[in-house]
Amino acid sequence: MAFAAEAQSLWPRHRYLMRLALAQINPTVGSLANNGKQILAACREAADLGADLVLTPELSLWGYPPRDLLLRQTYLDQQNQVLDEIVSVLNREIPELAVLVGVAEQVHDPQLPQLFNALALIKNSGWQVVARKQLLPTYDVFDEKRYFRPGETPAVLELELSGHCWRLGLTICEDLWVDEAIQGQRISGPDPVAALLQQNIDLLINLSASPFSQSKKSLRQQLATKATQRLSCPVIYVNQVGGNDELVFDGASFVVDERAELALQLPSCREAIAIWDTTTTTGQINVTIEQPQEQLFRALVLGVRDYASKCGFNHALLGLSGGIDSALVAVIAAAAIGAEQVTSLLMPSPWSSTGSIDDAIELAKRLGITTHTVPIAALMKSFDVALIPPLGQPPAGVTAENLQSRIRGTLLMALANQQGQLLLSTGNKSELAVGYCTLYGDMNGGLAVIGDVYKTNVFALCEWLDSPAAETCRKQLGLPGKGELIGAAIRQKPPSAELRPDQRDSDSLPDYAVLDPLLKALIEERLSTEQLIGKGHEQALVERVQQLLRRAEFKRRQAPPLLKVSPQAFGSGWRIPIAAE
C-alpha cells in the first residue's frame with residue numbers, strides 16, 4: 001500500500017506505536033487442529049513483519065459457521081487442547097506476540113445454550129476469554145441463538161506495550177451492525193458501539209465472519225465509518241475469507257482511521273496478512289476497485305474451489321450443452337480447480353442443434369477442458385419401449401422431456417461416481433425459482449454453482465467475461481487472457497432446453513428481463529401481490545409467477561447446495577413450507 005504522509009498527526013495517541021496484523025485467513029469448519037496451525041502460521045508471518053498483536057476472524061479456530069459441531073463435547077475439548085498448543089508455540093518461538101482468536105466459550109451450568117461466541121487473547125503465558133458477542137443473528141443463514149448466549153457487557157481489552165496501556169474495544173461481527181439509517185433495519189438488542197462511548201478506547205476492533213453479497217463490502221465500510229465518528233477512534237475490521245458449504249466469505253478486511261478515511265484495504269476472495277500501525281497517518285491509499293461482475297465471478301470461483309478442496313475433490317464434472325449456463329459453470333470450474341481437472345460430458349439428443357454441439361466443443365477447446373460425447377437417442381428409445389406397457393403409449397409431452405433430462409442426469413452421476421468427481425449442477429436461480437428444472441435430471445449434482453444467479457445476471461456476467469475489462473482477472477485466475485471465453489454464439493443464442501423441436505424458454509416462461517425483477521422482488525424483498533401490482537406489474541403475470549415459485553418448493557428442498565451470493569438465496573436461509581397456501 002502507498003500512504004501519503006502528513007506533517008502532523010490529528011490523533012494525539014499516535015505518538016505511541018502498536019503494530020496490528022490483520023490476518024485474513026481461510027479456516028475449514030471443524031478442523032480445529034489445522035485451523036490452529038493456520039493461525040500459528042499467520043502469527044509467524046506477522047512476527048516477521050514486526051506485529052505486536054495479531055487479529056483473526058470470528059470463530060477462527062472453528063471456521064464459520066460450525067453449526068451443530070458446537071454441540072459435540074469432543075470438539076470443545078479439542079478446542080482447549082489447540083489453544084494450549086498455540087500458547088506453547090508462542091512461548092517457545094515468539095513470546096513477544098499476542099493474538100486474538102475466535103472461540104466458543106463453554107458455560108458449565110444446566111441452562112441452554114451453554115456457549116458464548118467469544119474472543120480469546122493468547123499470549124506466551126496462557127489464554128483467556130476477553131470478549132463475548134452481544135448481538136446474535138437469527139435471520140437468513142444465521143442461527144446463532146441455537147448455540148450461543150448473548151454477551152451482556154462491553155468488552156475492553158487493556159494491553160501494555162512499550163510503557164503505554166492500550167484500551168481496545170472488542171466487538172464481534174453483528175455487534176457493529178447497529179445503524180438503522182445505514183442498514184434499513186437491525187436486530188433487537190443492545191448497541192455495543194454505544195456501550196463503548198464512555199470507555200475511552202484507543203481502537204475499536206471488529207472480528208467477523210461476514211458472507212459475500214455484492215452490496216456487503218460497501219455496507220461494512222459505511223458501518224465502520226459511522227462507528228469511527230461515534231467513538232473518535234480508528235476501527236479495524238477483520239473478516240474471514242473462503243467458502244464453507246453454501247457460504248462464501250470474501251475477506252476484504254480494512255482499517256478506517258480516526259478521520260473516518262480508509263487507511264488499509266485487504267484484497268477480496270484471497271488470504272492475506274497486512275500490518276497497520278497506530279503512528280500511520282494517511283491521506284489516501286491505492287485500492288483496486290473491483291467492478292460488480294468481477295466481485296461476483298471471484299466469489300463463485302472461490303466458492304467452487306473451497307467446496308471441492310474441503311470436501312476432498314480434485315476433479316469436477318459437468319454436462320456441457322452449448323447453452324450459456326453450462327458455459328459459465330465450465331469457466332468458473334476451470335478458474336477454480338484448473339482446466340486440466342475439469343471434464344465435460346456432451347449428451348446430444350435428436351433435438352440438440354448442431355450449433356449447440358459445435359459451440360460446446362469450441363468452448364471446451366478454448367478452456368482446455370476434457371470432453372466426452374455420449375448420444376442419448378438409443379437410451380431414449382429404450383425408455384419408450386420399457387414404458388409402453390404400463391402407459392399404453394410412449395411417454396409424451398413434459399414426461400418425455402423430463403426423461404431426457406433424467407437420462408443425462410443418470411449418465412453424469414454414473415461418471416462422477418465411477419471416477420470420484422464432483423458433479424457441478426448448472427441451473428440458474430431463475431429456473432430454480434419457477435421449477436424450470438428436473439428432479440433427478442439436470443438438478444443432479446454435488447454443488448449448484450450458479451443456483452443463486454438470475455438468468456439476466458448470467459448473461460451480464462458472460463458479457464463481462466468476454467470483454468477487455470475481464471482480461472486481468474482472467475489471467476490472475478489462470479484463464480486465457482485474450483479473446484472470447486464464452487463466445488458470441490453462446491451469448492447471443494436464445495435460451496432453450498432443446499428437449500423438443502424448436503423449443504425456447506420463452507414458450508413456457510415470461511422473458512427473463514421481465515421475470516427476473518419479479519423474482520427478485522418476491523424472493524429478496526418479499527413483496528406481496530398488491531405491492532407488486534402497485535409498482536405497475538400486471539396482476540395475471542404476478543399471480544402466475546407467484547404460483548410457479550410456490551409450487552417449485554418441493555424441488556428446491558431436494559436440490560444440491562448452492563453458492564449464496566445474493567442477500568436472499570434458496571437454501572438454509574430460505575424456510576418456506578412445501579405444503580402451504
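Internal cavities and cysteine pairing are described here for a predicted model.

Three cavities of 30 Å³ or more were counted. The largest encloses about 90 Å³ of space. Its lining draws on Ser-425, Gly-427, Asn-428, Glu-431, Leu-432, Cys-437, Asp-442, Met-443 and Ala-448, together with Ala-559 and Pro-560. By class, six of these lining residues are nonpolar, three are polar and two are charged. The charged pair is Glu-431 and Asp-442. Ser-425, Gly-427 and Asn-428 make up the polar group.

The second largest cavity holds about 40 Å³. Leu-176, Val-178, Asp-179, Val-193, Leu-223, Lys-226, Ala-227 and Arg-230 form its lining. Five of these residues are nonpolar and three are charged, while no polar residue is present. The charged members are Asp-179, Lys-226 and Arg-230.

A disulfide is a covalent bond between the sulfur atoms of two cysteines. The structure contains zero disulfides. Cys-233 is accordingly unpaired, and the nearest cysteine sulfur, in Cys-165, lies 15 Å away. Cys-233 has 0% relative accessibility and therefore counts as buried.

Cys-437 belongs to the lining of the largest cavity. The closest cysteine sulfur to that of Cys-437 is in Cys-462, at 19 Å, which is too far for a bond. A disulfide would require the two sulfur atoms to be within 2.5 Å. Cys-437 is also classed as buried, because its relative accessibility is 9% and the cut-off for burial is under 20%.

Methods:
Residues are numbered from 1 along each chain as its sequence is written. This is a predicted model: local features need pLDDT of at least 70, side-chain atom pairs count only at pLDDT 80 or more; totals for chains, interfaces and linings use all residues. Side-chain values use heavy atoms; hydrogens and water are left out. On a 1 Å grid over the protein atoms alone, a cavity is a set of points where a 1.4 Å probe fits but cannot get out, and a pocket is an open set with protein on both sides within 12 Å along at least five of seven lines; lining residues have an atom within 4 Å of a point. Grid points are joined across faces, edges and corners, and a volume is the space filled by probe spheres set on the points. Buried means under 20% relative accessible area, exposed over 50%, partly exposed in between (1.4 Å probe, protein chains only).
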